[in-house]
Amino acid sequence: MPSERFYRLSEEKQGLIWKASMKEFIAVPYEKVSINKIIRDAGISRGSFYTYFEDKRDLLSFLLGDTAKKWREFCLEGLDKSDGDVFSLMESMMDYALEFCKNNDLFSLHKNLIMYPEDALLECTVGDMDLEKAVGEEFFGKIDRSKLRDGSTGGVLILVKLCLAAMMAGIGEFHKNPDHENIIKKEYKKALLLLKNGAYRDSEINQTEEN
């Protein structure tokens, strides 16, 4: 992870390094990532780079960890603004995700990383795939469970995973057809409504429950 010296830089300077690094990791496979290109684009010296990061794996770990941190912060702020409404959060997350994808070609980034056969790098990129641990207890604590049929942590976890699965499908479609952004958003909202209200009519639900 970055040294204390990196965090003493101005936000503007940190942002330049972040953008230059992300640009390079997206452009080429991991083994071809050039520190020289990164420092040139960021406007820093090679010596300065190595006072901030140990190597490019350390830099990559920072990029992915920082991105995950920004997502967690967005989620927590979204739940605060919506009084814990998980569906309102998920709808705003799609807008945020598509804007992020416009500025960062995450598909190319993941492709460049997953093709690299080093186990240590795989651990760095995949990280902790346990969603509950990834978003933290604070996230689940902010969700209003009073209107949910299954308000248990397990039930909420399943609901969030289903919402995210629909979101990832939409992001995948956006990658193939970026001109379909409005259509993708509408279809995602329909998916959220199905999850929120259920696919069956009440009478059909009652009949199923009786049988």
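Reader: What makes the crossing of α6 and α12 right-handed?

Author: The crossing of α6 and α12 is right-handed because the near helix is turned clockwise from the far one by less than a right angle; anticlockwise would be left-handed. This is a predicted model, where local features need pLDDT of at least 70, side-chain atom pairs count only at pLDDT 80 or more, and totals for chains, interfaces and linings use all residues. Residues are numbered from 1 along each chain as its sequence is written, and side-chain values use heavy atoms, without hydrogens and water.

Reader: Why is α6 called roughly antiparallel to α12?

Author: Helix α6 (residues 86–103) and helix α12 (residues 181–197) pack at about 155 degrees, with axes 10 Å apart. Angles over 145 degrees count as roughly antiparallel, so α6 is roughly antiparallel to α12.

Reader: Which residues of α6 and α12 make the contact?

Author: Contact means heavy atoms within 4.5 Å. From α6 the residues include F87, M90 and M94, and from α12 they include I184, Y188 and L192. By class, the contact has eight nonpolar, no polar and eight charged residues.

Reader: What makes a set of residues a nonpolar core?

Author: The residues are buried Ala, Val, Leu, Ile, Met, Phe, Trp, Tyr and Cys, joined through side-chain atoms within 4.5 Å, and buried means under 20% relative accessible area (1.4 Å probe, protein chains only). The largest such core has 28 residues, and M90, F139, I143 and M167 have the most contacts inside it. Its largest share, nine residues, comes from α6.

Reader: Which residues does F139 touch?

Author: Leaving aside residues up to four places away in sequence, F139 touches C75, L76, L79, L89 and V160.

Definitions and conventions:
Axes are lines fitted to C-alpha atoms, for helices over the stretch in contact, and angles run from 0 to 180 degrees between N-to-C directions. Helices (H or I, at least four residues) and strands (E, at least two) are DSSP runs, numbered from the N terminus. Angles under 35 degrees count as roughly parallel, over 145 as roughly antiparallel, 65 to 115 as roughly perpendicular and the rest as oblique. Ala, Val, Leu, Ile, Met, Phe, Trp, Tyr, Cys and Pro count as nonpolar, Asp, Glu, Lys and Arg as charged, and the others, Gly among them, as polar. Buried means under 20% relative accessible area, exposed over 50%, partly exposed in between (1.4 Å probe, protein chains only).
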